[in-house]
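The following report describes selected features of one protein chain, moving from its nonpolar cores to a helix pair, its strands and a few points of backbone geometry.

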Amino acid sequence: MPQRPPRVVIVGAGPSGLFAANALLKNNADVRIDVLDRLPTPYGLLRYGVAPDHASMQGIQRALAAPFASDRVRFFGMVELGRTIAQEELVEGYDAVIYAAGASEDRRLGVPGEDLPGSRSAREFVAWYCGHPDAEPQSLAGVRSAVAFGVGNVAIDVARVLAAPHDRIVDTDMPVPVVAELRAAQVRDVFVVGRRGPQHASFTTPELRELLTLPGVQPVLDPADLDGIDEEGLDRRVTGNLAALREVLGRHVPDARVRLHLLFWWRPVAFEGDPDLTEVVLERTAPDDDDRVVGTGELRRVDADLALRAIGYRGRRLPGVPFDDVHGVVPHEAGRVLEEHGARRANEYVVGWIKRGPVGVIGTNKSDAAATVATLLADLDAGQLPSPTGPDAAAVLAARGVVPSTFEDWQRIDAEELARGVPYGRPRIKVATWHALTELVRHGRAGGPLTHEDDPGPEEPEDA
């Protein structure tokens, strides 16, 4: 009797999940893979977290799409764990389950006034300009001064989008309402605030240089922040960042549109305004004898019509899956999911940010996924995985009358986005509402009628 091919289900069609699918295909000639996602669009963070003006990053999409070219891989979109299908059903229906859900919650600052209107999450702001269908519209009306808290690439991205010249914005796949809002914005000051020094910042040097050299943007930096830094033993990224910052000291940009203030060794202690945010109160910080950051008592007030916290993401608990609430990750050993008390789950695995926390760049997920897949395949070869006792996702969903979206549906959405960009000379325009996405899925047509909120409207005006 021929041996049954192993079945693996991956929960999440972002970079970590698709890198895992690729690794499975390359290392097991028989495996059958189902990839589930609650959206009808794959690629996760690559599609909805990478700034649209970084088109070069979108080239990674070709690598992520590779598994879908195999007849051993199926995509089930619009399927949500815990709502459309239960965790227990996946465990019973497959030889192995891989959780690749990412990190979809943001950390908070924990200071008074943080919930004032005008104080927002950078994650929400990024989702808006990337065209995520869950995103709330972000108004920039009346915003003259904006503050981003954090010194990672997310803070760099939101600062760049706010400070960028119009011609850079319109040459992206941003939804038309987003482009219109950014074009109408009158932001004059952008602050990037970090509680430690520039030598501790986690942004990457190319992204920092890109921000510092935006046309019409005047960098403002206290030279004292770069004094006395011992560069011995620092890695290349950090020394590159320090060099980039030193290059802008004393630089004068004539007729600058925007002033970019880089404030190191400051932390927020209060947000103020009535009823909306108008100011943030910062406190000067310094390292203590144990190299912990402490306040010095020196205060500074900064005008702020918009404050965006970009101090890190954390994972969200998945229904039926163990979770470490302190660190915001699924507990694991070498990618094997563990119960909170340390016992191993028989056939459950984890990859990506929900495994290790929101660290690294998109490419970091490739080696991370390969490590977990190596563990899974070793367990499979050793006969340590229980055989499935229930139906797979396709059978479970069919029995409930649920019709998931397919990779072919995504290709139709993709074609529609490309077509929408043609009249504007843009690479694409994202389909950014649930209504329009599901219409393309359900009716199987490209170029169907647009909803009111998705209507591009009149031709975009030329820049003055």
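In this predicted model, the largest nonpolar core holds 53 residues, and of these Tyr129, Leu140 and Leu162 touch the most other members. Helix H6, which spans residues 153–163, supplies the largest share of this core, with seven residues. When residues up to four places away in sequence are set aside, Leu162 touches Phe125, Leu140, Ala146, Val187, Val190, Leu306 and Leu308. Another core lies apart from the largest one and counts 39 residues, among them Ile33, Ile98, Tyr349 and Leu385.

**A helix pair**

Two packed helices are described by the angle between their axes and by the distance between those axes. For helix H9 (residues 205–212) and helix H10 (residues 236–248), the axes come within 9 Å and cross at roughly 10°. Because angles under 35 degrees count as roughly parallel, H9 is described as roughly parallel to H10. On the side of H9 the contact is made by Thr205, Leu208, Arg209 and Leu212, while H10 contributes Arg237, Gly240, Asn241, Ala243, Ala244, Leu245, Glu247 and Val248. The residues of this contact between H9 and H10 divide into six nonpolar, three polar and three charged, a division in which Gly is placed among the polar residues.

**Strands and their pairing**

Strands of a sheet pair through backbone hydrogen bonds, in either the parallel or the antiparallel sense. The model offers an example of each sense, beginning with strand E9 (residues 217–221), which pairs in the parallel sense with strand E10 (residues 258–264) over five bridges. Within this pair, Val220 stands opposite His261 in E10. Strand E9 is mostly covered, since four of its five residues are buried.

The antiparallel sense appears in an open sheet of three strands, whose order is E11-E12-E13. Its edge strands are E11 (266–272) and E13 (293–303), each of which pairs on one side only. From one strand to the next, the twist averages 25°. Strand E12 (residues 279–287) is joined to E13 by eight bridges, and the two run antiparallel; Leu282 stands opposite Arg300 in E13.

**Backbone geometry in the loops**

The loop between E11 and E12 contains Pro275, and a cis peptide bond, with omega about 0°, joins Asp274 to this proline. Two aspartates, listed below, have positive phi values although they are residues other than glycine.

| Residue | Phi | Loop | Relative accessible area |
|---|---|---|---|
| Asp255 | near 50° | between H10 and E10 | 76% |
| Asp291 | near 65° | between E12 and E13 | 44% |

Are these two aspartates buried or exposed? Asp255, in the loop between H10 and E10, counts as exposed because its relative accessibility is 76%, and the cut-off for that class is over 50%. Asp291, in the loop between E12 and E13, is partly exposed, because its relative accessible area of 44% falls between the limits of 20% and 50%.

Note on methods:
Residues are numbered from 1 along each chain as its sequence is written. This is a predicted model: local features need pLDDT of at least 70, side-chain atom pairs count only at pLDDT 80 or more; totals for chains, interfaces and linings use all residues. Side-chain values use heavy atoms; hydrogens and water are left out. Axes are lines fitted to C-alpha atoms, for helices over the stretch in contact, and angles run from 0 to 180 degrees between N-to-C directions. Angles under 35 degrees count as roughly parallel, over 145 as roughly antiparallel, 65 to 115 as roughly perpendicular and the rest as oblique. Contact means heavy atoms within 4.5 Å. A nonpolar core is a set of buried Ala, Val, Leu, Ile, Met, Phe, Trp, Tyr and Cys residues joined through side-chain atoms within 4.5 Å. Buried means under 20% relative accessible area, exposed over 50%, partly exposed in between (1.4 Å probe, protein chains only). Two strands pair if DSSP finds at least two bridges between them.
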